[in-house]
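Subject: A structure for you to explore

Hi there,

Here is the structure I promised to pass on, with its sequence. Have a look around first, and then read my notes below.

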Amino acid sequence: MARFPASIRIGLIYFVLASLWVWGSDWLALQLLEDHALVVQVQSLKGELFVLCTAALLFWLVRREEGAQAAVRGELERTRNQLEHFVDTSASIIYALTPDLGAKAGWRPVYVSANVWRLTGYLPADWLDRSGFWFEHLHPDDRSQVRQAWQQLQQLGTLSLRYRFQHRDGSYRWIDDQLQLYWGTDGQPFEIVGSWRDVTEQEQVQQALRDRQVKLDTFLAHAPAALAMFNRDMRYLLASQRWVQDFQLGAAGDLVGRSHDELLPELPPQWRQAYQRALAGETVQREEEPCRLPDGSERWLRWKVQPCESVDGRVESIVILAEDITARKLREQALELNASLFMNSSEGIVICDGSKRILSVNRAFSEITGYAAGEVLGQLPMLLRSGQQPRAFYRDMWRQIRRAGRWQGEILNRRKGGEPFLAWLTISLVRDQDGRVRNYYGIFHDITQRKQAEDRISQLTHYDALTGLPNRVLLRERIEAELAQAKREQEPLALMFIDVDRFKYINDSLGHRAGDALLVEMASRLEQAVRQQDTVSRMGGDEFTLLLPQMDAEQAAYLAQAIIARISAPWQFEGLELIVTPSIGIAMFPGDGQVVDALLQAGDTAMYRAKGAGGANFQFYEPGMQLSASRTLQLENALRWALERHELELHYQPQIELSTGRVTGCEALLRWTHPQLGSVAPSEFMPIAEASGLILPIGEWVLRTAVAQNKAWQQAGLAPVVMAVNVSAVQFRQTQFPALVRLVLEEAGLEPGWLELELTESVVSADPEAAIRIMKQLDSLGLQLSVDDFGTGYSSLSYLKRFPIDKLKIDQSFVRDLGSDPDSALIVSGVIAMARALGLRTTAEGVETAEQAAMLAHEGSDEVQGYWYARPMPAEQYERWLQDYLATTRAPGIV
């Protein structure tokens, strides 16, 4: 029965006792006393006594109740202290959260056990003062996972998480977090109670186990020896890949649990005996044993059976290590059975008896050592000792032979004439059936020349093989030494980076012999230009670096001018007079850097600025150059992903026939829009694409996309037009380019006549003969060829008339100045006249005004394109423009 509250119990006791006293005492007074006045006096006295007694009774009851409550509170306090002590000493942190719409996660911590300081380094107040404290200390890689899991808590009611939390010392600890959601009587989330435990050691152990398993799997996959483990029933526990291969057993994973006898029933009886002995705790080893494999072939094995004992000493598994020595066995048999092979071997062979006396040598032995066979028979092999190796070397060698039956290594011997030579020697012994040594045989070859070559290579590791100049490694060492000297003495120092302009052109057009000859000539001229204390080095390719100690900026500038003049002087190669120029970048110590890497980077950046300025000049490093170089590097890295991320797009600009206003073609123009960099101009990214080689995949994508788009327009019912596609110099020089064009046309199903390839004037004039060969291959496909930007470069008319081209495109720089520059008008008129004389069509680019269109029509240009007619547009917009244009009777600007 439930205990009544104290107030009710005291009230009931008081009511009962008071009632008994009042009624009982009144009745007794009336019975005993007859005088009414005396009864009244007794009742008054009785009332006072009643008040006194009830007051005492109430005092006793209240004190008794207070004592009981104090005992309960004490018990509760002891229990609370015990619980807090338990929680504080526990490895788990207890916490509680209540809903709070103002908190980031919608929950606010209201309780965190005191042991949070011991386990995380943070006080409970740190957690309670900031609702986002816990989330801010999560590992960044775990936040997304934890946030997603929390979203499931209201549906599931419980949640188990494992994540990393940052301790106050900065380290991350793995945490196992168990949460329970409680709902109130109104059905709304009321409270979250969680248990939070540091499981870093457990996670580390699990990770170590995973790493160990990975290492074991890797070892088994790549172990050079055949290795397998079996249980007491001779069923597979694991096997290396080499074991599976050697015994032709399929896949390693398929072996586990299968019987060894079932898979290899042809094993010799000695193997099964060895299993039993190993299970009894004995290690069994065989140097050689024949074994028949499932395919019927016989192999010779050297194997060892090793017991693996469990904790209680009982052998629970065994390990078998097998080595396939079939090849060695065959070699031994061949030595015994084939004397001709023995004598004709290119390696020196010597066979000794069990006492190490020489029984036989082959012809190579005599050729290498100078001893005839008759001079060494019956002798000990020690007659070849050079005397330059300690006795301990030979003791260790023979100890290894006796123990393992074989030794292999380098040995310094002596020829008959006393000349030492280095040999790679293998010594093996052959035992008879009783285990006694029957023979020793040694096989060796002279590695003296090889070692000398290795020494020579070691000497040349610091020098360039082609020019003999110090290479990058030696240059760095010298820069470090000179920098230390310059810092001590507070002296200037210059680094000069030199790159040969158009070296790739010479290498590609005249071959690597010409390129190598140019590099050697460069090295010679540079060495003649510098002082004795300076260092001229070749960094690789056509880049050279000069280390110039005690040289200030003025002296460096003077030297750079002298080097430009010296390098630019003509040089001869196989009857050809060639001229190259250098691009020079200069970095100065201490202004441009005080460590090696900073100076190297500054010089390299300055050199590329000189090259970008047209070459044949020098540039000192300036801090702003690094920003330009960083921009170039940023664009190159972004461009490498542009195709994959679909950032490239083709825009199409129509080409109009002036005489009729008819749209005869359109030019495909590449555009690049980067998510962060925005729209990047072709003039900025195309040189980077060509320099980095990215132009090849990009150019192929442009060609495929333009051809496919032209075919799609034709299939959609649009009037066929010629699609013009620009071809870069790098693309054009590829020998497989004509084949690529043919393949693209065939895949799209486009007639070749509807494709026009635009080649720049510089492309076809750089190597006219090679250009003619490639252009003829393209022309044979039936497509059209045009020369773009005509008039901006140098072209030989004698070659131009041999080019199988259909059109010349007049550069927009001449068209733009038609109305203001008489020279431009004269050039345009001359190009049109020359094209007409050669039977070629002309297209004028960059037409932006009606006046320009009228002048071009007057001069007789066949086609025009430019903003006056239309800007380059995406494919969908181009289709709409074309429909609108065809709906008009005349094109704008037609005269």
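Let me start with a small puzzle: in the hairpin of β14 and β15, which residue takes a positive phi? That residue is Gly435, with a phi near 90 degrees, in a hairpin that has 5 residues between the strands. Please keep in mind as you read that this is a predicted model.

**Around strand β14**

Strand β14 is a good place to begin, so find residues 420–431. Most of this strand is covered, with 9 of its 12 residues buried. On one side, β14 is joined by 9 bridges to strand β13 (residues 406–414), and the two run antiparallel. To see one of these pairings, look for Gly409, whose bridge partner in β14 is Leu425. β13 and β14 also make a hairpin with 5 residues between them, and here Gly418 in the turn has a positive phi of about 95 degrees.

β14 also pairs with strand β15 (residues 437–446), again through 9 bridges and in the antiparallel sense. A pairing to look for here is Thr426 with its bridge partner in β15, Ile443. If strands are new to you, here is some background: strands of a sheet pair through backbone hydrogen bonds, either parallel or antiparallel.

**A five-stranded sheet**

Further along the chain there is an open sheet of 5 strands, in the order β17-β18-β16-β21-β22, and its pairing is mixed. β17 (535–540) and β22 (617–620) are the edge strands, each pairing on one side only. From one strand to the next, the twist averages 20 degrees.

Which way do β21 and β22 pair, parallel or antiparallel? Strand β21 (residues 582–589) pairs with β22 in the parallel sense, over 4 bridges. Within this pairing, Ile586 has Phe620 of β22 as its bridge partner. Helix α20 (residues 512–529) packs on the sheet and touches β16 (493–500), β17 and β18 (543–549). The direction of α20 makes about 10 degrees with that of β18.

α20 has a helix partner too: its axis and that of α21 (residues 553–568) come within 10 Å and cross at roughly 145 degrees. The crossing of α20 past α21 is right-handed. On the α20 side the contact is made by Met522, Arg525, Leu526, Gln528 and Ala529, and on the α21 side by Leu559, Ile563, Arg566 and Ile567.

**Charged pairs**

How many salt bridges does the structure hold? There are 31. As a reminder, side chains of opposite charge can pair when their charged atoms come close. Here are three to click on:

- Arg164 forms one with Asp142, and their closest N and O atoms are 2.9 Å apart. The two sit in distant parts of the chain, 22 residues apart, with Arg164 in strand β3 (residues 158–166) and Asp142 in the loop between α5 (133–136) and α6 (143–150). Asp142 counts as buried because its relative accessibility is 4%, below the 20% cut-off.
- Asp597 and Arg476 meet at 2.7 Å, N to O. This pair links helix α22 (residues 596–612), which holds Asp597, to helix α18 (residues 472–489), which holds Arg476, across 121 residues. Asp597 is partly exposed, at 47% relative accessible area, and Arg476 is partly exposed too, at 32%.
- Glu845 and Lys809 meet at 3.1 Å, N to O. Glu845 lies in the loop between β30 (841–844) and α33 (850–859), while Lys809 is in strand β29 (residues 807–810), 36 residues apart. Both Glu845 and Lys809 are buried.

There is also a network in which salt bridges with shared partners join Glu657, Arg662, Glu756, Lys807, Arg841 and Glu863.

**Nonpolar cores**

Finally, look inside. The largest nonpolar core has 78 residues, and Val741, Leu757 and Leu778 have the most contacts inside it. Helix α25 (residues 695–715) gives the largest share of this core, 7 residues. Which residues does Leu778 touch, leaving aside its neighbours within four places in sequence? They are Phe732, Phe737, Pro738, Val741, Leu757, Leu783 and Leu785. A second, separate core has 32 residues, including Phe503, Phe573, Val580 and Ile586. You have met Ile586 already, as the bridge partner of Phe620 in β22.

Enjoy exploring!

Best wishes

Terms used. Residues numbered from 1 in each chain as written. Predicted model: local features only at pLDDT ≥ 70, side-chain atom pairs only at ≥ 80, totals over all residues. Heavy atoms only, no water. Buried < 20%, exposed > 50% of the residue type's maximum accessible area, 1.4 Å probe, protein only. Pairing = 2+ DSSP bridges. Salt bridge = Lys/Arg side-chain N within 4 Å of Asp/Glu carboxyl O. Axes fitted to C-alpha atoms, helices over the stretch in contact; angles between N-to-C directions. Contact = heavy atoms within 4.5 Å. Core = buried A, V, L, I, M, F, W, Y, C linked by side-chain atoms within 4.5 Å. Left-handed = near helix turned anticlockwise from the far one by under 90°.
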